[in-house]
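Subject: Structure for you to look at

Hello,

Here is the structure I promised. Please open it alongside this note, and then read on for what turned up.

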Amino acid sequence: MRSDVRIAPSILSSDFARLAEEVARVEAAGADLLHVDVMDGHFVPNLTIGPPIVEALRKVTGLPLDVHLMMTNPDCFIQEFAEAGANYLTVHVEACPHLHRTVQSIKERGVKAGVTLNPATSLSTVEEIIGDADLLLIMSVNPGFGGQQFIPFVLQKIERARQLIDRTGSHAVLEVDGGVKVDNAAKVIQAGADILVAGSAIFCSDDYRATITALRQAGHSALATEEAARPHVGRPR
Ligand code: DX5
Ligand code: ZN
């Protein structure tokens, strides 16, 4: 049974000129992980950050660095990102013809391995690897930019991803990324997510602590509703 809701602010929507300060603010505001969006201008139509920034972040925060690699040929950079201090390295199945090898290569470096899917990519593409993955990331926008709208059909996919993890006994945590806001966080948690990535919802708000707390509370209320609806046969209430 799930009891935890973790919040991963995506620094994509932060003020890059004051990055250390922004990170300190979300850390003090109760963030659980720091989501770092790496974009290569090929896999997605945007360019962001690389290993030197991850290394710089590592020096200013104790939060786990959840590095989302939106790039072709991520294998070429696994070593660099691992050395830079990434805790999770998440690759896109669309960019990895030898996904099993890529996942093993991440894990061999002592880093947790995540796999992720674009909204239109079938969940069946991760069925074989789910037992090896430490994290499954379901994209709820087409990756490339912050501030996009959550794509509604993805909710069902999150439900099926939860079922896949539970059915197979995978230890992977389920993370959802894109368009997550306070007003849809409960639905996303209800569908099965463990970790909510939120960029613009947090960094475009006036009060990071209030927003992170509201996201977490929305999730907790969804879990409480789920728990209340569970049959308690044979157990004292
Ligand atoms: C999208 C990125 C997301 C993005 C989320 O390509 O992978 O992590 O920063 O931003 P919001 O929460 O604003 O959709
Ligand atoms: Zn991301």
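How many Å separate an oxygen atom of ligand 1 from an N or O atom in the side chain of Asp 177? The distance is 2.7 Å. Keep in mind that this is a predicted model. Every value below is computed from it.

**Ligand 1**

Asp 177 is one of several residues to look at here. There are 20 residues around ligand 1. Asp 37, Gly 144, Asp 177, Gly 199 and Ser 200 come nearest. Gly 199 uses its backbone: an N or O atom there lies 2.8 Å from an oxygen atom of the ligand. Ser 200 uses its side chain, with a polar atom 2.5 Å from an oxygen atom of ligand 1. How much of the ligand does the protein cover? Taken alone, ligand 1 exposes 380 Å², and the protein buries 100% of that.

**The zinc site**

Now go to ligand 2, the zinc ion. Which residues coordinate it? They are His 35 through NE2, Asp 37 through OD, His 68 through ND1 and Asp 177 through OD. The distances run from 2.1 to 2.3 Å. Two of these names should look familiar: Asp 37 and Asp 177 are also among the residues that come nearest to ligand 1.

The site of the zinc ion is octahedral. It has 6 donor atoms, with angles of 71 to 171 degrees among them. For comparison, ideal angles for six octahedral donors are 90 or 180 degrees.

Along the chain, the zinc donors follow the spacing H-x1-D-x30-H-x108-D. The site links distant parts of the chain: His 35 sits in strand β2 (residues 34-39) and Asp 177 in strand β7 (residues 173-177), 142 residues apart. Both His 35 and Asp 177 are buried.

His 68 is found in strand β3. Is this residue buried or exposed? His 68 has a relative accessible area of 0%, so it counts as buried. Its side chain also makes a polar contact with the side chain of Asp 177, at 3.2 Å. Asp 177 therefore appears three times in this account: as a zinc ligand, as a partner of His 68, and in the 2.7 Å approach to ligand 1.

**The chain as a whole**

The protein chain has 8 helices and 8 strands. Its C-alpha atoms fill a box of roughly 55 × 45 × 30 Å along the principal axes. What does the radius of gyration say? A compact globule of 237 residues would have a value near 18 Å, and this chain has 17 Å, so the two agree. Of the 237 residues, 54% count as buried.

**A buried arginine**

Arg 162 lies in helix α5 (residues 154-168). Its relative accessible area is 12%, so it counts as buried. What does its side chain meet there? A polar atom of the Arg 162 side chain lies 2.8 Å from the backbone oxygen of Gly 192. The Arg 162 side chain also makes a polar contact with the side chain of Asp 194, at 3.1 Å.

**Loops and one helix residue**

A few other positions are worth a click.

- Asn 73 is in the loop between β3 (65-70) and α3 (78-84). It has a positive phi of about 50 degrees, although it is not a glycine.
- Asn 118 lies in the loop between β5 (112-117) and β6 (135-139). At 15% relative accessibility, Asn 118 counts as buried. Asn 118 and Ile 138 are 20 residues apart in sequence and 7.1 Å apart in space, C-alpha to C-alpha.
- Lys 181 is in the loop between β7 and α6 (185-191). It is partly exposed, with a relative accessible area of 28%. Lys 181 and Ala 218 are 37 residues apart in sequence and 9.9 Å apart in space, C-alpha to C-alpha.
- Glu 80 is found in helix α3. It is partly exposed, at 40% relative accessible area. From Glu 80 to Thr 61 is 19 residues in sequence and 19 Å in space, C-alpha to C-alpha.

Best wishes

Definitions and conventions: Residues are numbered from 1 along each chain as its sequence is written. Chains are lettered from A and ligands numbered from 1 in the order in which they are written. This is a predicted model: local features need pLDDT of at least 70, side-chain atom pairs count only at pLDDT 80 or more; totals for chains, interfaces and linings use all residues. Side-chain values use heavy atoms; hydrogens and water are left out. Donors are N, O and S atoms within 2.8 Å of the metal (3.2 Å for Na, K and Ca); water is not among the atoms, so sites may look incomplete. Four donors count as tetrahedral if all angles lie between 85 and 135 degrees; four count as square planar and six as octahedral if opposite donors are over 155 degrees apart and all others between 65 and 115; anything else is irregular. Helices (H or I, at least four residues) and strands (E, at least two) are DSSP runs, numbered from the N terminus. Buried means under 20% relative accessible area, exposed over 50%, partly exposed in between (1.4 Å probe, protein chains only). A residue is near a molecule or strand if one of its heavy atoms lies within 4 Å of it. A polar contact is a pair of N or O atoms within 3.5 Å; within protein, one must be able to donate a hydrogen and the other to accept it, and residues adjacent in sequence count only if both atoms are side-chain atoms. Accessible areas come from the Shrake-Rupley method with a 1.4 Å probe; for residues, only the protein chains shown count as cover. The radius of gyration is taken over C-alpha atoms; the globule rule is 2.2 Å times the number of residues to the power 0.38.
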